[in-house]
Structures are given as structure tokens and as C-alpha cells.
Amino acid sequence: MGLEERLKQRLLGGAVLVALVVIFVPMLIEEPVERRTDSDYTIPVKPALNKSKPEKRIQQPKAAEPQPVPAITKPEPQKISKPEPTVTKEAKPPVSKPVKATGDTSNRPSPTAWMIQVASLTNEKNAENLVKRLRKADLPAQMEKVRLNGKLHYRIRVGPEVDHRLAEKMLAKIKTAFKLNPKLMRYPKSKE
């Protein structure tokens, strides 16, 4: 490359930089164009209120008074010798039957989780101790207060667990390690 060609490139680069500075620096320094325009809106002057005198209401002309609606006369019902009681049923929307999908989807299990009910105790301390023991055995135990027949019970459950086999393993672990008779249940309880 010759000396003359390098000089041309530097001059061209310098000219581009100067043009960019001339274009963009004023944009950064000055206000945006939208803010510089004067508003066409004028704000009206606030009216003076005279608070010493009680306020007189100016009666505005009333809207046309409503004309009395002509009475609707009902046709006289025909006399029926024996009135039959009528049963009214609420209109229910038509229930469409579910369409069975084709392919592998028919073999899929419905989305269900499993919960193990370990015990239902009336003593809160005993229930808390059982929950602690279950958690020490790496079981996701929880306690729920329930009122049965007017009496407060503490329901101890483990789960929910999506995998049925894993729930069965936890059930067996509770039976052997804690000598209890837990029950495996669907979660949430099915409405069958």
C-alpha cells in the first residue's frame, strides 16, 4: 500500500467521524424534538367561589317528564278444569362425550398422585413426635388438623408421591420401621 492510499483512508475515516459527531452530538445535548414544541392546549382560569353566601341552586329546565306508560293488559287465562303441577328443571348444557384419542395415549395413566395416611391421633404431642420420626426416616410427612365427630384429630400423612411404585415402597417402609398399618390413597381423593 502506498503512502498516498493510507492518507486517503485516514482522511475518509476522519470525515466520517466528524459527520457522525456533527449529527449525533446535538441530539444528545439538546431536548428531544417532541418536547420543544409548544402545546396547543390552554388551561382555563379557575373560577372564583363565593363561600360566604349559601349556594343557590339554579333550576335547570327539567327534562321532559316521563309520560305514563299505558298499562299492559294481560289476556285472561283460559279456565282449566284440573291444574296439573309443572316440574321445572334447570337447563343443563349438553354434555359431550369425551373423544377417545388414537395411538399410544390410551395406555397412559391419568395424572394421579398417591398419599399415605399413616395415622390419625387425638394427642397433638404424639402426632408431632410421629411426624418428626417419619421425617428423620426421609419421608415427606405432614400433619393436618381435622375435626371428626366434634373431636379434634391430627392426621399424619406422607406424600403426595406421583410414582405409584415409590409410594408402595414408602408404605412398606412405614409398616416395617414404625410397626403401623398405613393406608395408600389417591391424592387428591377421587370423586368416584
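**Exercise 1. Establish what average pLDDT the protein has, and where confidence is lowest and highest.**

Solution. The protein averages a pLDDT of 77, and 59% of the residues score at least 70. This is a predicted model, and the next step is to locate the extremes of confidence. The lowest mean, 56, belongs to helix α2 (residues 33-36), whereas the highest, 94, belongs to α3. Where pLDDT is low, the predicted coordinates should not be read in detail.

**Exercise 2. Describe the order of helices and strands along the sequence, and state which elements supply at least two residues each of the largest nonpolar core.**

Solution. Begin with the inventory, which comprises four helices and four strands, and then read along the sequence, where the pattern is α-α-β-α-β-β-α-β. Turning to the interior, the largest nonpolar core has 17 residues, and those with the most contacts inside it are Val118, Leu134, Leu139, Val158 and Ile174. At least two residues of this core come from each of β1 (113-121), α3 (124-136), β3 and α4 (164-178). Leucine 134 can serve as a worked case: leaving aside residues up to four places away in sequence, leucine 134 touches Val118, Leu139, Ala141, Ile156, Val158, Ile174 and Phe178. For the protein as a whole, 16% of the 192 residues count as buried.

**Exercise 3. Find which residue forms a salt bridge with glutamate 144, and decide whether each partner is buried or partly exposed.**

Solution. A search of the whole structure finds one salt bridge. Glutamate 144 forms a salt bridge with arginine 157, and the closest N and O atoms of the pair are 3.9 Å apart. Glutamate 144 lies in strand β2 (residues 141-148) and arginine 157 in strand β3, so that the pair, 13 residues apart, links distant parts of the chain. For the second part, glutamate 144 counts as partly exposed because its relative accessibility is 37%, while arginine 157 is buried, since its relative accessible area is 15% and the cut-off for buried is under 20%.

**Exercise 4. Explain why arginine 155 is not counted as having a salt bridge.**

Solution. Arginine 155 lies in strand β3 (residues 151-161) and is buried. Its contacts, not counting residues up to four places away in sequence, are Gln117, Ala119, Ser120, Gln142, Met143, Glu144, Val146 and Leu148. The nearest side chain of opposite charge is that of glutamate 144, 4.3 Å away. A salt bridge requires a side-chain nitrogen of Lys or Arg within 4 Å of a carboxyl oxygen of Asp or Glu, and therefore arginine 155, with glutamate 144 at 4.3 Å, has none.

Conventions: Residues numbered from 1 in each chain as written. Predicted model: local features only at pLDDT ≥ 70, side-chain atom pairs only at ≥ 80, totals over all residues. Heavy atoms only, no water. Buried < 20%, exposed > 50% of the residue type's maximum accessible area, 1.4 Å probe, protein only. Lys, Arg positive; Asp, Glu negative; His and termini not counted. Contact = heavy atoms within 4.5 Å. Core = buried A, V, L, I, M, F, W, Y, C linked by side-chain atoms within 4.5 Å. pLDDT = per-residue confidence, 0-100.
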